[in-house]
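Hi everyone, thanks for coming. Please have the sequence and the model open in front of you, and we will walk through a few places together.

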Amino acid sequence: MDSSCRIEFDVIVIGGGVMGSSTAYQTAKRGQKTLLLEQFDFLHHRGSSHGESRGMRATYKKDYYTKMAVESSKLWREAESEAGYSVYTDTDHLDMGPGGSASLKAVIANCDKNSFPYQILDHGQFADKFSGKLSIPEDWIAVYTELGGVIKPTKAVSMFQALAFQKGAVLRDNMEVKEIRRDEVKGGIVVCTTRGDKFWCRKCVVTAGAWTRKLVRSIAGFELPIQPVHATVCYWKIKEGHEEKYAIGGNFPTFIGYGDVGVYGTPSLEFPGLIKITLHDGCQCDPDRRQWRPELELDSLKEWIKGRFLGLVDGCAPVSMQTCMYSMTPDEDYVIDFLGGEFREDVVIGGGFSGHGFKMAPAVGKILADLALTGHADGVELEHFRIGRFEENPK
Ligand SMILES: Cc1cc2nc3c(=O)[nH]c(=O)nc-3n(C[C@H](O)[C@H](O)[C@H](O)COP(=O)(O)OP(=O)(O)OC[C@H]3O[C@@H](n4cnc5c(N)ncnc54)[C@H](O)[C@@H]3O)c2cc1C
């Protein structure tokens with residue numbers, strides 16, 4: 001072993017967002033001596049896993065995500081019962097859009113393929129179900145399913161970290177990893193931080209969120225096309241007396257709007273009297289040089305809301321806006337793979353979650369742990385997530 005290494009681990013996980021924390025929980029649970037390293041304070045607000053709400057759904061255009069979401073919803077419940085508290089509240093879920101929308105058609109075809117139960121609502125049925133709350137144009141339809149819900153992100157990350165710790169993992173924050181290299185003497189991997197710490201492990205998992213591209217470039221010398229994007233979340237004021245209609249625990253679902261603008265939202269939960277409705281959009285950014293100001297095409301969002309939400313304060317601007325980062329891949333599929341090259345199967349990457357990863361964190365953590373510990377993940381179609389799908393990549 002590199003004689004300057006202070007401590008040996010079975011697995012080192014780099015990045016303490018939801019993916020890294022869920023992976024550390026999985027490896028520690030399997031009796032592996034695990035170290036979780038985070039560059040900032042744990043539960044910081046500079047990455048992708050902070051805040052108050054993330055939507056759950058299983059309605060996807062691509063079928064492999066439906067299976068993953070169903071599995072993940074069960075794993076959320078398992079982790080909650082181990083922790084003894086809840087981070088995920090059930091709701092129904094609604095996808096709405098023009099009747100001819102290719103996205104909506106793909107969602108429906110995928111539900112059929114997976115035998116995933118759904119209901120199609122035409123304009124009239126929609127009006128009956130959401131009377132006084134929501135309205136859609138006459139040529140729109142909706143797909144209604146029972147698997148939706150809201151996950152509390154910061155609380156969920158903290159839950160995975162607490163569970164990992166309880167199972168013996170070592171958790172260290174303010175530890176920026178600057179180098180990962182092979183131990184030429186003993187084999188295995190040496191992980192070095194900017195503070196001068198060196199750790200040895202058999203297997204390493206990199207879950208660095210929007211920093212994945214930078215880290216992979218510096219450790220392996222190639223470019224993974226994972227683009228950090230600065231995203232803004234908006235909260236809107238509900239008219240006085242209408243709060244109950246949109247509150248979680250009533251019948252109001254999580255939702256996505258397909259059409260000219262991509263919109264999503266969750267029932268009112270984190271800020272009573274406010275509802276989250278925002279665009280699935282953002283602008284490219286450097287995770288180390290953020291501008292922090294909210295940036296969003298508000299006019300199109302206001303227009304979208306005006307025609308659909310019947311109980312919001314008219315003509316208002318968002319009451320609160322928060323920023324976050326997506327890590328986008330060109331095809332919006334995740335990257336879950338071995339780093340390869342000199343690292344062969346000893347370093348596993350989980351990144352590029354493209355703005356739709358949070359709900360899947362328990363399943364992704366399990367897959368990353370499986371890959372690191374056994375070299376394979378049974379029942380998972382990994383070809384969609386392979387690094388090799390990016391043509392320019394040498395792997
Ligand atoms: C506005 C917004 C809304 C979203 N809504 C949804 C939703 O409704 N449903 C859903 O499923 N998903 C949603 N997502 C996506 C989801 O939040 C992300 O996919 C998920 O949080 C990604 O987690 P991560 O662990 O990969 O990244 P992160 O949370 O960013 O974690 C990566 C961690 O690695 C650390 N790190 C990086 N480099 C180093 C290094 N060199 N050394 C040590 N540590 C390092 C970082 O500091 C960071 O803490 C949303 C995202 C945003 C931004």
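**A walk through the model**

Let's start on the inside: the largest cavity holds about 40 Å³ of space. Please keep in mind throughout that this is a predicted model. How many cavities of 30 Å³ or more does the structure hold? There is one.

Which residues line this largest cavity? They are Tyr25, Gln26, Lys29, Leu75, Glu78, Ala79, Phe160 and Pro362. Sorted by class, that lining comes to five nonpolar, one polar and two charged residues. Two helices each give at least two residues to the lining, namely α1, residues 18–29, and α2, residues 63–83.

Let's stay with α1 for a moment. What span should we expect for this helix? With 12 residues at 1.5 Å a residue, α1 should span 16 Å, and its end C-alpha atoms are 16 Å apart, so the two agree.

Is α1 mostly covered or mostly open? Mostly covered, with 11 of its 12 residues buried. The buried stretch includes Val18, Met19 and Gly20, and also Tyr25 and Gln26, two residues that we just met in the cavity lining. What lies over these buried residues? Among the elements covering them are the strands β1 (7–14), β2 (34–37) and β12 (198–206). The helices α2, α5 (153–166) and α9 (361–374) are also part of that cover. Just after α1 you will find glycine 31, with a positive phi of about 80 degrees.

Now for a pocket. The second largest pocket has a volume of about 260 Å³. Its lining has 14 residues, and those closest to the pocket centre are Met68, Glu71, Ile367, Gly379 and Val380. Which elements give two or more residues to this lining? Here α2 turns up again, together with α9. The lining of the second largest pocket divides into seven nonpolar, one polar and six charged residues.

Let's step back to the domains. The domain assignment gives two of them, each built from separate stretches of the chain. Domain 1 takes in 7–49, 153–225 and 331–389, while domain 2 takes in 93–145 and 227–328. Where they touch, 15 residues come from domain 1 and 13 residues from domain 2. The centres of the two domains, taken over C-alpha atoms, are 31 Å apart.

Next, some loops. Which residues have a positive phi although they are not glycines? One is asparagine 174, with a phi of about 55 degrees. Asparagine 174 sits in the loop between β9 (170–172) and β10 (177–182). At 38% relative accessibility, asparagine 174 is partly exposed. Another is arginine 344, with a positive phi of about 45 degrees, in the loop between β19 (335–338) and β20 (347–351). Is arginine 344 buried or exposed? Its relative accessible area is 52%, so arginine 344 counts as exposed.

The loop between β19 and β20 also holds glutamate 342. Glutamate 342 has a relative accessible area of 44%, which makes it partly exposed. If you look for glutamate 244, it is 98 residues from glutamate 342 in sequence, and the two C-alpha atoms are 57 Å apart.

Two more loop residues and then we are done. Serine 135 lies between α4 (123–129) and β7 (140–145), and at 25% relative accessibility it is partly exposed. What does serine 135 touch, leaving out residues up to four places away in sequence? Its contacts are Phe126, Gly307, Arg308 and Leu310. Glycine 124 is 11 residues from serine 135 along the chain, with 9.9 Å between their C-alpha atoms.

Finally, glycine 262 is in the loop between β14 (254–257) and β15 (263–266). With a relative accessible area of 36%, glycine 262 is partly exposed as well. Beyond its neighbours within four places in sequence, glycine 262 is in contact with Gly257, Thr278, Leu279 and His280. From glycine 262 to glutamine 119 is 143 residues in sequence and 21 Å in space, C-alpha to C-alpha.

That's the tour, and thank you for listening!

Methods
Residues are numbered from 1 along each chain as its sequence is written. This is a predicted model: local features need pLDDT of at least 70, side-chain atom pairs count only at pLDDT 80 or more; totals for chains, interfaces and linings use all residues. Side-chain values use heavy atoms; hydrogens and water are left out. On a 1 Å grid over the protein atoms alone, a cavity is a set of points where a 1.4 Å probe fits but cannot get out, and a pocket is an open set with protein on both sides within 12 Å along at least five of seven lines; lining residues have an atom within 4 Å of a point. Grid points are joined across faces, edges and corners, and a volume is the space filled by probe spheres set on the points. Helices (H or I, at least four residues) and strands (E, at least two) are DSSP runs, numbered from the N terminus. Ala, Val, Leu, Ile, Met, Phe, Trp, Tyr, Cys and Pro count as nonpolar, Asp, Glu, Lys and Arg as charged, and the others, Gly among them, as polar. The expected span of a helix is 1.5 Å times one less than its number of residues. Buried means under 20% relative accessible area, exposed over 50%, partly exposed in between (1.4 Å probe, protein chains only). Contact means heavy atoms within 4.5 Å. Domain bounds come from an automatic or database domain assignment.
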